[in-house]
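Fancy working through a protein structure one small puzzle at a time? Have a look at the picture, try each task yourself, then check the solution.

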Amino acid sequence: MSELRQEIAERQKKIRAIEIRCNKLVNETFGGQYESVFKGKGMQFADLREYMPGDDIRTIDWNVTARQGKPYVKLFTEERELTVLFLIDLSASQHFGSVDILKSELSAEIASVIAFAAIKNNDRAGMLAFTDEVEKVITPRKGKNNILRIVSEILSFKAEGVKTSISTGLKAINEIWRKKALVFLISDFQDDSYEKDLIITAKHHDLVCINISDNREKNLPDIGIMDLRDPETGKNFMIDSSSSAAKGGVKSQREAFEAYTKRVFTNAKVDVINLNTHESYINPLIRFFKERQKRRGLG
């Protein structure tokens, strides 16, 4: 019981530290950038009226025009509130980190920063967590408590599955949330055969992929014989990390994987934020906002 209490206390301490850190970043840096990139771009149909000289001909409703015998244009109102969904990979490979932070902890922190920016701009935030099955759904709501619940679940949730099926998460998002949302898919993408579902989701939602990695997945430490276990398959294997052949094999395998994921992201035409447990996420996130602003003519 004392161990459980200690575990809960440690988790609450982590959540509080994340909250303080992320609130500060949002207030000083990311709140305004989030608003300029994501807010005010959605438009919803409001009404119709007769065409007037100077109206944009692209807003003409040709069906109504044909029925009425004179041109009518569609009127739109700005859709200010967004639904922000975090599609979180909770598979076993997320519980890896060769420095002070696990990939799952980095997932929680980056989700927290974006979520706090969202509620600062009066948006709703929710979560769908997955492994090779849907593990947890948190309904999108406004307010800090929902964000802290999301962070807590990412850090502490005991998943039923250990493997990764990104398609499972993508299909669930599309089935549960029919209306367009801003979706952040946070994963290490150690999976394949998800490209089709990624393309479908990117067409239905505003999809951003946050790709989390760790240096040790590409560069082995020079410490001799290592007894390793694949967390998702349970398979044990040994490798001589001081062997140049082993180092080269691991590096080339990782480079092939990175080329594959890059190709999938490019084909799906999604925005990507590449993060590493060995580096701060602040500069990659700032770079993402600036690039998106420039690409969309907002900067």
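What follows is a set of exercises on this structure, which is a predicted model.

**Exercise 1. Find the residues with the most contacts inside the largest nonpolar core, and the helix that gives this core its largest share.**

Step 1: Start with the core itself. The largest nonpolar core has 47 residues. Those with the most contacts inside it are Tyr34, Phe38, Phe86, Phe184 and Ile210.

Step 2: Now look for the main contributor. Helix H3, residues 103–120, supplies the largest share of this core, with 10 residues.

Step 3: Don't stop there, as another core of 22 residues lies apart from it. Its members include Leu87, Phe130, Ala172 and Leu185.

Step 4: Here's some background to keep in mind. In soluble globular proteins, nonpolar side chains tend to be buried together.

**Exercise 2. Check whether the length of helix H3 is as expected or not, and work out how enclosed the helix is.**

Step 1: Take the 18 residues of H3 at 1.5 Å a residue, which gives an expected span of 26 Å.

Step 2: Compare that with the model, where the end C-alpha atoms of H3 are 26 Å apart. The two values agree.

Step 3: Next, look at burial, for which a residue needs under 20% relative accessible area. In H3, 16 of the 18 residues are buried, so the helix is largely enclosed by the rest of the structure.

Step 4: Follow the chain out of the helix. Just after H3 you meet Asn122, with a positive phi of about 65°.

**Exercise 3. Work out which residues of helix H1 form salt bridges with Glu105 and Glu109, and classify each partner as buried, partly exposed or exposed.**

Step 1: Begin with Glu105. Its salt bridge is with Lys14, and the closest N and O atoms are 2.3 Å apart. This pair links distant parts of the chain: Glu105 belongs to helix H3 and Lys14 to helix H1 (residues 2–38), 91 residues apart.

Step 2: Check the accessibility of both ends. Glu105 has 13% relative accessibility, so it counts as buried. Lys14, at 38%, counts as partly exposed.

Step 3: Move on to Glu109, which forms a salt bridge with Arg21, the closest N and O atoms being 2.6 Å apart. Again the pair links distant parts of the chain, with Glu109 in H3 and Arg21 in H1, 88 residues apart.

Step 4: Do the same check here. Glu109 is buried at 6% relative accessibility, while Arg21 is partly exposed at 39%.

**Exercise 4. Describe the salt bridge between Glu28 and Lys24, then find the network that includes Lys144.**

Step 1: Locate the pair. Glu28 and Lys24 both sit in helix H1, 4 residues apart, which is about one turn of the helix.

Step 2: Look at the gap and the setting. The closest N and O atoms of this salt bridge are 3.3 Å apart, and both residues are exposed.

Step 3: Now for the network. Arg16, Glu19 and Lys144 are joined into one network by salt bridges that share partners.

Step 4: Place Lys144. This residue lies in helix H4, residues 144–156, and is partly exposed at 39% relative accessible area. Lys144 and Lys120 are 24 residues apart in sequence, with their C-alpha atoms 9.5 Å apart in space.

Step 5: For the full tally, the model has 11 salt bridges.

**Exercise 5. In the loop between strand E6 and helix H6, compare Phe189 with Ser193.**

Step 1: Recall the usual pattern. Most residues other than glycine have a negative phi.

Step 2: Read off the angles. Phe189 has a positive phi near 55°, and Ser193 has a positive phi of about 60° although it is not a glycine.

Step 3: Check burial. Phe189 counts as buried because its relative accessibility is 0%, whereas Ser193 counts as exposed because its value is 64%.

**Exercise 6. Identify the nonpolar surface patch that contains Val134, and place that residue.**

Step 1: Name the members. Val134, Val137 and Ile176 form the patch, with about 210 Å² of accessible area together.

Step 2: Place Val134. It is in strand E5, residues 134–141, and is partly exposed at 36% relative accessible area.

Terms used:
Residues are numbered from 1 along each chain as its sequence is written. This is a predicted model: local features need pLDDT of at least 70, side-chain atom pairs count only at pLDDT 80 or more; totals for chains, interfaces and linings use all residues. Side-chain values use heavy atoms; hydrogens and water are left out. Patches are made of residues with over 30% relative accessible area and no salt bridge: like charges are joined within 9 Å, nonpolar side chains (Val, Leu, Ile, Met, Phe, Trp, Tyr) within 5 Å. Accessible areas come from the Shrake-Rupley method with a 1.4 Å probe; for residues, only the protein chains shown count as cover. A salt bridge is a side-chain nitrogen of Lys or Arg within 4 Å of a carboxyl oxygen of Asp or Glu. Helices (H or I, at least four residues) and strands (E, at least two) are DSSP runs, numbered from the N terminus. Buried means under 20% relative accessible area, exposed over 50%, partly exposed in between (1.4 Å probe, protein chains only). A nonpolar core is a set of buried Ala, Val, Leu, Ile, Met, Phe, Trp, Tyr and Cys residues joined through side-chain atoms within 4.5 Å. The expected span of a helix is 1.5 Å times one less than its number of residues.
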